[in-house]
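Student: I'm new to this one and would like a close look at a single part. Could you pick a strand, show me how it sits among its partners, and then walk me outward from there?

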Amino acid sequence: MYNELINNLLNQITNHNIVKITFSNIRNKDLELDKVIAKLVKIKNDIYIQFEYRYKRIIKHKNIGITNNIDLNEILEELFSLAKDINVISGDEIIDIKISKKFKISIKRTKTTKKEITFNHNNKKEYFLDEKTTYPFLVELGIQNLDGRIKKSKFNKFKQINKYLEFIKHSVDQLDNKNQITILDFGSGKSYLTFSTYYYLTEKLNLNVKLIGIDLKKETINLCNQIAQKLNFNNLSFVYGDVIDYENNENIDMVISLHACNTATDIAIIKALTWNAKIFLAVPCCQKEINSQLAADFIPLMLKHGIIKEKFSTLLTDSIRSEVLEIFGYKSNIVEFISEENTPKNQLIRAFKTTNNIDIKKLQELKKFTEMLNIKMFLLDEIEKLM
(Lines give C-alpha, C1' and ligand atoms only; values in the text may rest on other atoms or scores of the structure.)
Protein backbone atom coordinates (compact mmCIF):
# COMPACT_ATOMS: atom_id res chain seq x y z
CA MET A 1 0.00 0.00 0.00
CA TYR A 2 2.89 2.39 0.82
CA ASN A 3 4.43 1.87 -2.60
CA GLU A 4 1.16 2.59 -4.37
CA LEU A 5 0.57 5.79 -2.36
CA ILE A 6 4.15 7.00 -2.78
CA ASN A 7 4.14 6.30 -6.51
CA ASN A 8 0.89 8.25 -6.79
CA LEU A 9 2.47 11.19 -4.93
CA LEU A 10 5.56 11.05 -7.11
CA ASN A 11 3.36 11.29 -10.21
CA GLN A 12 1.43 14.22 -8.73
CA ILE A 13 4.68 15.99 -7.86
CA THR A 14 6.22 15.35 -11.30
CA ASN A 15 3.06 16.68 -12.95
CA HIS A 16 3.09 19.84 -10.79
CA ASN A 17 -0.26 18.87 -9.25
CA ILE A 18 0.54 19.28 -5.54
CA VAL A 19 -0.57 22.27 -3.47
CA LYS A 20 0.62 20.97 -0.09
CA ILE A 21 1.41 17.74 1.75
CA THR A 22 1.36 17.73 5.56
CA PHE A 23 2.89 14.90 7.60
CA SER A 24 1.85 15.17 11.25
CA ASN A 25 1.26 13.19 14.47
CA ILE A 26 4.86 11.95 14.41
CA ARG A 27 5.46 8.56 16.05
CA ASN A 28 8.98 9.11 17.38
CA LYS A 29 8.58 11.79 20.07
CA ASP A 30 12.34 11.83 20.69
CA LEU A 31 12.77 13.61 17.35
CA GLU A 32 10.80 16.60 18.74
CA LEU A 33 9.34 16.95 15.25
CA ASP A 34 5.87 18.54 15.14
CA LYS A 35 5.18 18.16 11.43
CA VAL A 36 6.66 18.28 7.93
CA ILE A 37 5.07 20.40 5.19
CA ALA A 38 5.92 19.85 1.53
CA LYS A 39 5.21 22.35 -1.28
CA LEU A 40 6.33 22.89 -4.85
CA VAL A 41 8.64 25.89 -5.24
CA LYS A 42 10.46 27.53 -8.12
CA ILE A 43 14.14 28.28 -7.53
CA LYS A 44 15.70 30.15 -10.45
CA ASN A 45 14.25 28.27 -13.43
CA ASP A 46 13.77 24.84 -11.84
CA ILE A 47 10.87 23.32 -9.89
CA TYR A 48 11.66 21.68 -6.55
CA ILE A 49 9.59 20.19 -3.78
CA GLN A 50 10.49 21.87 -0.51
CA PHE A 51 10.18 19.89 2.72
CA GLU A 52 9.80 22.13 5.78
CA TYR A 53 10.65 20.20 8.96
CA ARG A 54 9.04 21.96 11.92
CA TYR A 55 10.84 20.78 15.02
CA LYS A 56 9.95 21.83 18.54
CA ARG A 57 12.63 24.53 18.60
CA ILE A 58 13.85 25.00 15.04
CA ILE A 59 12.65 24.83 11.44
CA LYS A 60 14.73 23.19 8.68
CA HIS A 61 14.21 23.11 4.90
CA LYS A 62 15.22 20.55 2.32
CA ASN A 63 14.77 21.19 -1.44
CA ILE A 64 14.66 18.20 -3.79
CA GLY A 65 14.37 18.40 -7.59
CA ILE A 66 11.07 16.91 -8.73
CA THR A 67 12.83 14.62 -11.22
CA ASN A 68 15.07 13.19 -8.49
CA ASN A 69 12.87 10.14 -7.91
CA ILE A 70 15.44 8.23 -5.86
CA ASP A 71 15.86 10.91 -3.17
CA LEU A 72 12.16 11.81 -3.27
CA ASN A 73 11.12 8.19 -2.85
CA GLU A 74 13.52 7.78 0.08
CA ILE A 75 12.21 10.88 1.87
CA LEU A 76 8.55 9.95 1.29
CA GLU A 77 9.14 6.42 2.57
CA GLU A 78 10.74 7.83 5.73
CA LEU A 79 7.89 10.30 6.29
CA PHE A 80 5.24 7.63 5.74
CA SER A 81 6.92 5.51 8.42
CA LEU A 82 7.06 8.47 10.83
CA ALA A 83 3.67 10.17 10.41
CA LYS A 84 0.32 8.81 11.56
CA ASP A 85 -1.60 11.54 9.72
CA ILE A 86 -0.89 12.62 6.15
CA ASN A 87 -2.94 15.25 4.36
CA VAL A 88 -2.46 15.74 0.63
CA ILE A 89 -3.96 18.73 -1.17
CA SER A 90 -3.66 18.38 -4.93
CA GLY A 91 -5.06 20.49 -7.73
CA ASP A 92 -8.44 18.76 -7.62
CA GLU A 93 -8.53 16.53 -4.55
CA ILE A 94 -7.91 16.31 -0.80
CA ILE A 95 -6.57 12.99 0.47
CA ASP A 96 -6.56 12.21 4.21
CA ILE A 97 -4.34 9.25 5.08
CA LYS A 98 -4.33 7.77 8.58
CA ILE A 99 -1.80 5.14 9.63
CA SER A 100 -2.49 3.25 12.86
CA LYS A 101 -0.01 2.07 15.48
CA LYS A 102 0.09 -1.26 13.68
CA PHE A 103 0.56 0.56 10.35
CA LYS A 104 -2.94 -0.17 9.09
CA ILE A 105 -3.83 2.45 6.47
CA SER A 106 -7.16 4.19 5.94
CA ILE A 107 -7.73 6.69 3.14
CA LYS A 108 -10.43 9.30 2.58
CA ARG A 109 -10.60 11.16 -0.74
CA THR A 110 -12.59 14.35 -1.33
CA LYS A 111 -12.91 15.90 -4.77
CA THR A 112 -12.52 19.71 -4.89
CA THR A 113 -12.77 22.44 -7.48
CA LYS A 114 -9.68 22.72 -9.64
CA LYS A 115 -6.94 24.82 -8.00
CA GLU A 116 -4.22 26.75 -9.76
CA ILE A 117 -0.81 25.47 -8.68
CA THR A 118 1.67 28.25 -7.94
CA PHE A 119 5.40 28.13 -7.23
CA ASN A 120 5.87 31.17 -5.03
CA HIS A 121 9.42 30.67 -3.78
CA ASN A 122 11.01 33.04 -6.27
CA ASN A 123 8.08 35.30 -7.08
CA LYS A 124 8.33 39.01 -6.33
CA LYS A 125 8.36 39.40 -2.57
CA GLU A 126 5.07 40.54 -1.11
CA TYR A 127 5.89 42.83 1.79
CA PHE A 128 3.70 43.71 4.76
CA LEU A 129 4.85 47.25 4.05
CA ASP A 130 4.95 47.96 0.32
CA GLU A 131 8.29 49.27 -0.94
CA LYS A 132 6.48 51.61 -3.37
CA THR A 133 4.36 53.29 -0.69
CA THR A 134 5.53 56.29 1.33
CA TYR A 135 5.25 55.77 5.09
CA PRO A 136 5.81 58.98 7.07
CA PHE A 137 7.27 57.07 10.03
CA LEU A 138 9.85 55.38 7.78
CA VAL A 139 10.76 58.78 6.34
CA GLU A 140 11.19 60.19 9.85
CA LEU A 141 13.33 57.20 10.84
CA GLY A 142 15.56 57.55 7.77
CA ILE A 143 14.51 54.32 6.02
CA GLN A 144 12.78 56.09 3.11
CA ASN A 145 13.53 59.25 1.19
CA LEU A 146 10.88 61.97 0.99
CA ASP A 147 9.74 60.54 -2.35
CA GLY A 148 9.12 57.16 -0.69
CA ARG A 149 12.10 55.30 -2.13
CA ILE A 150 13.85 52.91 0.27
CA LYS A 151 17.40 54.11 0.83
CA LYS A 152 19.89 51.64 -0.63
CA SER A 153 21.77 51.39 2.64
CA LYS A 154 18.52 50.64 4.50
CA PHE A 155 16.99 48.00 2.23
CA ASN A 156 18.14 45.12 4.44
CA LYS A 157 16.55 46.93 7.38
CA PHE A 158 13.33 47.24 5.36
CA LYS A 159 13.35 43.48 4.68
CA GLN A 160 14.01 42.86 8.37
CA ILE A 161 10.99 45.00 9.31
CA ASN A 162 8.72 43.06 6.98
CA LYS A 163 9.93 39.69 8.25
CA TYR A 164 9.37 40.85 11.81
CA LEU A 165 5.82 41.94 10.96
CA GLU A 166 5.16 38.43 9.69
CA PHE A 167 5.89 37.09 13.19
CA ILE A 168 3.89 39.90 14.79
CA LYS A 169 0.88 39.14 12.58
CA HIS A 170 1.00 35.44 13.47
CA SER A 171 1.32 36.30 17.17
CA VAL A 172 -1.62 38.71 17.44
CA ASP A 173 -3.76 36.12 15.66
CA GLN A 174 -3.44 34.10 18.88
CA LEU A 175 -4.89 36.94 21.01
CA ASP A 176 -8.39 38.15 21.78
CA ASN A 177 -8.47 41.17 19.49
CA LYS A 178 -11.73 42.52 20.89
CA ASN A 179 -9.90 44.24 23.74
CA GLN A 180 -6.89 46.52 23.79
CA ILE A 181 -3.61 44.70 23.16
CA THR A 182 -0.75 45.94 25.34
CA ILE A 183 2.78 45.34 24.05
CA LEU A 184 6.10 46.14 25.71
CA ASP A 185 9.25 46.47 23.61
CA PHE A 186 12.35 46.03 25.79
CA GLY A 187 15.47 47.65 24.41
CA SER A 188 13.60 49.44 21.63
CA GLY A 189 16.71 51.35 20.46
CA LYS A 190 16.11 53.36 17.27
CA SER A 191 12.61 51.80 17.23
CA TYR A 192 12.33 50.88 13.56
CA LEU A 193 10.42 47.76 14.55
CA THR A 194 8.48 49.47 17.32
CA PHE A 195 7.02 52.07 14.95
CA SER A 196 6.45 49.46 12.24
CA THR A 197 4.62 47.16 14.64
CA TYR A 198 2.40 49.96 15.91
CA TYR A 199 1.62 51.21 12.40
CA TYR A 200 0.88 47.75 11.02
CA LEU A 201 -1.37 46.67 13.89
CA THR A 202 -3.31 49.93 14.18
CA GLU A 203 -3.45 51.17 10.57
CA LYS A 204 -3.40 47.92 8.59
CA LEU A 205 -5.22 45.57 10.97
CA ASN A 206 -7.29 48.25 12.76
CA LEU A 207 -6.50 46.81 16.19
CA ASN A 208 -6.66 48.69 19.48
CA VAL A 209 -3.01 48.59 20.52
CA LYS A 210 -0.98 50.25 23.26
CA LEU A 211 2.75 49.91 22.67
CA ILE A 212 5.51 51.04 25.05
CA GLY A 213 9.18 51.11 24.06
CA ILE A 214 11.84 51.07 26.79
CA ASP A 215 15.51 51.93 26.34
CA LEU A 216 18.53 53.42 28.13
CA LYS A 217 19.41 55.95 25.42
CA LYS A 218 17.76 59.15 26.60
CA GLU A 219 18.24 61.16 23.39
CA THR A 220 16.79 58.32 21.31
CA ILE A 221 13.79 58.02 23.64
CA ASN A 222 13.10 61.75 23.37
CA LEU A 223 13.38 61.67 19.57
CA CYS A 224 11.05 58.67 19.29
CA ASN A 225 8.44 60.33 21.50
CA GLN A 226 8.63 63.46 19.30
CA ILE A 227 8.10 61.38 16.14
CA ALA A 228 5.18 59.48 17.70
CA GLN A 229 3.50 62.75 18.69
CA LYS A 230 4.16 64.30 15.28
CA LEU A 231 2.50 61.34 13.54
CA ASN A 232 -0.41 61.20 16.02
CA PHE A 233 0.53 57.70 17.11
CA ASN A 234 -1.37 58.37 20.31
CA ASN A 235 -0.98 54.95 21.96
CA LEU A 236 2.73 54.65 21.20
CA SER A 237 5.12 55.95 23.86
CA PHE A 238 8.73 55.54 24.87
CA VAL A 239 10.16 55.35 28.38
CA TYR A 240 13.73 56.06 29.46
CA GLY A 241 15.05 53.55 31.95
CA ASP A 242 16.62 50.19 32.69
CA VAL A 243 14.49 47.21 31.72
CA ILE A 244 15.17 45.50 35.05
CA ASP A 245 13.64 48.43 36.97
CA TYR A 246 10.56 48.82 34.80
CA GLU A 247 7.25 48.07 36.52
CA ASN A 248 3.78 47.94 34.99
CA ASN A 249 0.45 47.14 36.66
CA GLU A 250 -1.47 46.61 33.42
CA ASN A 251 -2.30 43.28 31.82
CA ILE A 252 0.56 42.68 29.38
CA ASP A 253 -0.32 40.70 26.28
CA MET A 254 3.02 40.62 24.51
CA VAL A 255 6.66 41.23 25.39
CA ILE A 256 9.05 41.77 22.48
CA SER A 257 12.79 42.31 22.52
CA LEU A 258 15.12 42.74 19.56
CA HIS A 259 18.89 42.47 19.94
CA ALA A 260 18.86 42.98 23.71
CA CYS A 261 22.49 42.42 24.66
CA ASN A 262 23.64 39.51 26.82
CA THR A 263 21.42 39.04 29.92
CA ALA A 264 19.00 41.84 28.90
CA THR A 265 17.04 39.17 27.02
CA ASP A 266 16.88 37.15 30.26
CA ILE A 267 15.45 40.16 32.06
CA ALA A 268 12.80 40.48 29.35
CA ILE A 269 11.92 36.79 29.87
CA ILE A 270 11.68 37.28 33.65
CA LYS A 271 9.39 40.27 33.19
CA ALA A 272 7.22 38.32 30.74
CA LEU A 273 6.94 35.47 33.26
CA THR A 274 6.15 37.88 36.09
CA TRP A 275 3.36 39.54 34.11
CA ASN A 276 2.10 36.22 32.74
CA ALA A 277 2.37 37.68 29.23
CA LYS A 278 0.56 35.66 26.61
CA ILE A 279 3.27 36.03 23.94
CA PHE A 280 7.04 36.46 24.05
CA LEU A 281 9.21 37.28 21.03
CA ALA A 282 12.95 37.91 21.25
CA VAL A 283 15.93 38.07 18.92
CA PRO A 284 18.87 37.89 21.38
CA CYS A 285 22.43 38.96 20.76
CA CYS A 286 25.84 38.96 22.46
CA GLN A 287 25.28 35.77 24.49
CA LYS A 288 28.48 36.23 26.50
CA GLU A 289 27.47 34.75 29.85
CA ILE A 290 27.97 31.08 28.99
CA ASN A 291 30.86 31.77 26.63
CA SER A 292 32.97 33.09 29.49
CA GLN A 293 32.29 29.98 31.62
CA LEU A 294 32.92 27.15 29.20
CA ALA A 295 36.14 25.39 30.19
CA ALA A 296 38.86 25.02 27.60
CA ASP A 297 38.83 21.22 28.04
CA PHE A 298 35.05 20.94 27.40
CA ILE A 299 34.74 19.50 23.87
CA PRO A 300 38.27 20.82 23.06
CA LEU A 301 37.96 19.71 19.46
CA MET A 302 35.27 22.37 18.98
CA LEU A 303 35.84 25.02 21.58
CA LYS A 304 39.49 25.66 20.82
CA HIS A 305 38.11 27.69 17.89
CA GLY A 306 36.80 31.06 19.05
CA ILE A 307 34.13 31.32 16.36
CA ILE A 308 32.83 27.81 17.14
CA LYS A 309 32.80 28.54 20.86
CA GLU A 310 30.81 31.72 20.26
CA LYS A 311 28.22 29.93 18.11
CA PHE A 312 28.00 27.01 20.53
CA SER A 313 27.42 29.42 23.43
CA THR A 314 24.74 31.25 21.46
CA LEU A 315 22.84 28.05 20.63
CA LEU A 316 23.15 26.71 24.18
CA THR A 317 22.05 30.00 25.77
CA ASP A 318 18.97 30.38 23.59
CA SER A 319 18.04 26.70 23.97
CA ILE A 320 18.06 27.11 27.76
CA ARG A 321 15.97 30.28 27.46
CA SER A 322 13.42 28.42 25.34
CA GLU A 323 13.35 25.58 27.86
CA VAL A 324 12.68 28.02 30.72
CA LEU A 325 9.68 29.38 28.85
CA GLU A 326 8.45 25.80 28.33
CA ILE A 327 8.83 25.15 32.06
CA PHE A 328 6.57 28.12 32.80
CA GLY A 329 3.76 26.97 30.53
CA TYR A 330 4.70 28.34 27.10
CA LYS A 331 4.95 26.51 23.81
CA SER A 332 8.33 27.79 22.70
CA ASN A 333 10.45 27.31 19.61
CA ILE A 334 13.44 28.91 17.93
CA VAL A 335 13.15 29.94 14.29
CA GLU A 336 15.26 31.83 11.78
CA PHE A 337 14.35 35.51 11.97
CA ILE A 338 16.02 36.58 8.74
CA SER A 339 18.83 35.30 6.56
CA GLU A 340 22.37 35.46 7.97
CA GLU A 341 23.40 37.52 4.95
CA ASN A 342 21.33 40.36 6.44
CA THR A 343 22.36 39.93 10.08
CA PRO A 344 24.10 37.17 12.07
CA LYS A 345 21.72 37.95 14.96
CA ASN A 346 18.98 35.92 13.37
CA GLN A 347 17.53 33.48 15.92
CA LEU A 348 14.06 34.35 17.14
CA ILE A 349 12.66 32.81 20.31
CA ARG A 350 8.89 32.63 19.93
CA ALA A 351 6.67 31.53 22.81
CA PHE A 352 2.90 31.34 23.34
CA LYS A 353 1.35 30.86 26.78
CA THR A 354 -0.66 27.63 26.95
CA THR A 355 -0.93 26.85 30.67
CA ASN A 356 -0.23 28.37 34.09
CA ASN A 357 1.34 25.15 35.33
CA ILE A 358 5.06 25.06 36.14
CA ASP A 359 6.91 21.89 35.15
CA ILE A 360 9.07 21.27 38.23
CA LYS A 361 10.48 18.03 36.85
CA LYS A 362 11.70 19.75 33.69
CA LEU A 363 13.25 22.53 35.80
CA GLN A 364 15.16 19.98 37.89
CA GLU A 365 16.41 18.31 34.72
CA LEU A 366 17.57 21.66 33.37
CA LYS A 367 19.45 22.42 36.60
CA LYS A 368 21.19 19.03 36.45
CA PHE A 369 22.16 19.70 32.86
CA THR A 370 23.74 23.09 33.61
CA GLU A 371 25.50 21.66 36.69
CA MET A 372 26.96 18.94 34.49
CA LEU A 373 28.34 21.64 32.20
CA ASN A 374 29.54 23.58 35.26
CA ILE A 375 27.82 26.77 34.14
CA LYS A 376 25.63 29.30 35.95
CA MET A 377 23.02 31.56 34.40
CA PHE A 378 21.45 34.75 35.67
CA LEU A 379 18.12 33.58 34.25
CA LEU A 380 18.11 30.29 36.19
CA ASP A 381 19.03 32.05 39.44
CA GLU A 382 16.26 34.61 38.99
CA ILE A 383 13.42 32.25 38.06
CA GLU A 384 13.80 30.48 41.42
CA LYS A 385 12.48 33.69 42.96
CA LEU A 386 9.30 33.27 40.90
CA MET A 387 8.53 29.78 42.23
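Tutor: Strand E13 (residues 330-336) and strand E14 are held together by 7 bridges, and the two run antiparallel. One pair to look for is Ile-334 with its bridge partner in E14, Ile-349. Keep in mind as you look that this is a predicted model.

Now stay on Ile-349 and look for Ala-282, which stands opposite Ile-349 in E14. Ala-282 brings us to strand E12 (residues 279-285), joined to E14 by 4 bridges, again in the antiparallel sense. So how many residues of E14 are buried? In strand E14 (residues 347-353), 6 of the 7 residues are buried, that is, under 20% relative accessible area. That is why E14 counts as largely enclosed by the rest of the structure.

Let's move out to some helices. Helix H10 (residues 306-327) and helix H11 (residues 360-373) have axes that come within 10 Å and cross at roughly 160°. Angles over 145 degrees count as roughly antiparallel, so H10 and H11 are roughly antiparallel to each other. The crossing of H10 past H11 is left-handed. On the H10 side, the residues that meet H11 are Leu-316, Ile-320, Glu-323, Val-324, Glu-326 and Ile-327. Facing them from H11 you'll find Lys-362, Leu-363, Leu-366, Phe-369, Thr-370 and Leu-373. Sorted by class, this contact has 8 nonpolar residues, 1 polar and 3 charged.

For another helix pair, try helix H4 (residues 155-172) and helix H5 (residues 192-204). Their axes are 10 Å apart and they pack at an angle of about 50°, which makes H4 oblique to H5. Here the crossing is right-handed. Among the H4 residues that take part are Ile-161, Tyr-164, Leu-165 and Ile-168, while H5 brings residues including Leu-193, Tyr-200 and Leu-201. The class count for H4 with H5 is 9 nonpolar, 3 polar and 2 charged residues.

Next, go to an open sheet of 7 strands, in the order E4-E3-E2-E1-E5-E6-E7 with antiparallel pairing. Strand E4 (59-65) and strand E7 (105-111) are at the edges; each has a single partner strand, so one side of each has no neighbour in the sheet. From one strand to the next, the twist averages 15°. Within this sheet, strand E5 (residues 83-90) pairs with strand E6 (residues 93-99) in the antiparallel sense over 5 bridges. A handy marker is Ile-89, whose bridge partner in E6 is Ile-94. Helix H2 (residues 69-82) packs on the sheet, touching strands E1, E2, E3, E4, E5 and E6, and its direction makes about 30° with that of E3.

To finish, zoom in on one residue, Tyr-53, which sits in strand E3. Is Tyr-53 buried or exposed? With a relative accessible area of 8%, Tyr-53 is buried, because the cut-off for buried is under 20%. Leaving aside neighbours within four places in sequence, Tyr-53 is in contact with residues including Leu-33, Val-36, Ile-59, Ile-75 and Leu-79. Another residue to locate is Ile-37: Tyr-53 and Ile-37 are 16 residues apart in sequence, yet 6.7 Å apart in space, C-alpha to C-alpha.

Definitions and conventions:
Residues numbered from 1 in each chain as written. Predicted model: local features only at pLDDT ≥ 70, side-chain atom pairs only at ≥ 80, totals over all residues. Heavy atoms only, no water. Pairing = 2+ DSSP bridges. Axes fitted to C-alpha atoms, helices over the stretch in contact; angles between N-to-C directions. Contact = heavy atoms within 4.5 Å. Buried < 20%, exposed > 50% of the residue type's maximum accessible area, 1.4 Å probe, protein only. Parallel < 35°, antiparallel > 145°, perpendicular 65-115°, else oblique. Left-handed = near helix turned anticlockwise from the far one by under 90°. Nonpolar A, V, L, I, M, F, W, Y, C, P; charged D, E, K, R; others polar.
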